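Subject: Structure for your review

Dear colleague,

Please find below the structure that I would like to pass on to you. I should be grateful if you would read the notes that follow it alongside the sequence.

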Amino acid sequence: MEQRINLSIDGPGIALFSPGVTGDIPKGEDFLTKEFSQPEDIGRHVRAGDVTAFCTGSPGDFLLDCREGYPDEAAMEEYPVGLRLALEVRGGEVWVTDLFWLSQFPKQCPPEQVIRLVDGFYHLTVLTKKPDSGVWGDDQRVLLYWNPLPEMPELMWQGAPLLLPKEEWG
């Protein structure tokens with residue numbers, strides 16, 4: 001799997017979910033306010049693997065490169081900012097959206113923002129680095145590594161995962 005998704009976001013982060021898992025959420029529901037705005041609610045969904053997200057620290061333009069497996073040491077050195085998440089996939093698709101889209105839960109996604117994966121559970125390793133411009137969200141490259149698992153892993157997230165160096169957490 002080698003795929004690039006060019007994603008411009010207005011919100012503070014990127015959301016990922018499989019429509020086969022989230023099919024019971026009504027189209028247009030303000031899921032963001034009802035279920036995904038308080039840290040404990042975000043953490044609950046991230047740990048469940050039904051809707052996951054990460055805070056990018058800013059709106060902007062992101063180049064998401066999807067790959068299989070886990071990153072090697074060279075990738076982790078080049079892209080030192082990282083997160084480990086997980087997601088359940090049903091129906092063979094993962095939709096990648098602006099976090100703000102959750103304020104009117106989508107029932108459609110542009111095909112260029114859809115990742116096709118075999119149904120199951122995945123560890124999702126997210127890696128990035130500050131763009132050469134020094135500005136987060138300025139054509140920022142983000143690597144998404146998808147590794148299949150036999151079951152949903154236990155995650156420790158209690159709030160919103162931040163894709164920023166710890167010294168920039170506020």
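The notes below concern the salt bridges and the surroundings of one threonine, T125.

Please bear in mind that this is a predicted model.

Salt bridges

The structure contains 7 salt bridges. As general background, side chains of opposite charge can pair when their charged atoms come close.

One of these salt bridges is formed by the side chains of R4 and D65, with an N to O distance of 2.7 Å. R4 belongs to strand β1 (residues 3-9) and D65 to strand β4 (residues 60-68), so the pair ties together parts that are 61 residues apart in sequence. The two partners fall into separate classes of accessibility: R4 is partly exposed, at 44% relative accessibility, whereas D65, at 7%, is buried.

E93 and R116 form another salt bridge, in which the closest N and O atoms are 2.6 Å apart. This pair also links distant parts of the chain, as E93 is in strand β6 (residues 93-98) and R116 is in strand β7 (residues 114-116), 23 residues apart. E93 is partly exposed, with a relative accessibility of 22%; because its relative accessible area is 56%, R116 counts as exposed.

Salt bridges that share partners also join R4, D65 and R141 into one network.

A further salt bridge is found between E88 and R90, whose closest N and O atoms lie 3.0 Å apart. Here E88 is buried, at 18% relative accessibility, because the cut-off for that class is under 20%. R90 is partly exposed, at 39%.

The surroundings of T125

T125 is located in strand β8, which covers residues 120-128. Is this residue buried or exposed? With a relative accessible area of 4%, T125 is buried.

The side chain of T125 makes a polar contact of 2.8 Å with the side chain of R84. Which residues is T125 in contact with, leaving aside its neighbours within four places in sequence? They are Y70, P71, L83, R84, L143, L144 and Y145. R84 thus appears both in this list of contacts and as the partner in the polar contact with T125.

When you open the model, you may wish to begin with R4 and D65, which meet in a salt bridge, and then turn to T125 in strand β8.

With kind regards

Methods
Residues numbered from 1 in each chain as written. Predicted model: local features only at pLDDT ≥ 70, side-chain atom pairs only at ≥ 80, totals over all residues. Heavy atoms only, no water. Helix = DSSP H or I, 4+ residues; strand = E, 2+ residues; numbered from the N terminus. Buried < 20%, exposed > 50% of the residue type's maximum accessible area, 1.4 Å probe, protein only. Polar contact = N/O pair within 3.5 Å; in protein donor to acceptor, adjacent residues only side chain to side chain. Contact = heavy atoms within 4.5 Å. Salt bridge = Lys/Arg side-chain N within 4 Å of Asp/Glu carboxyl O.
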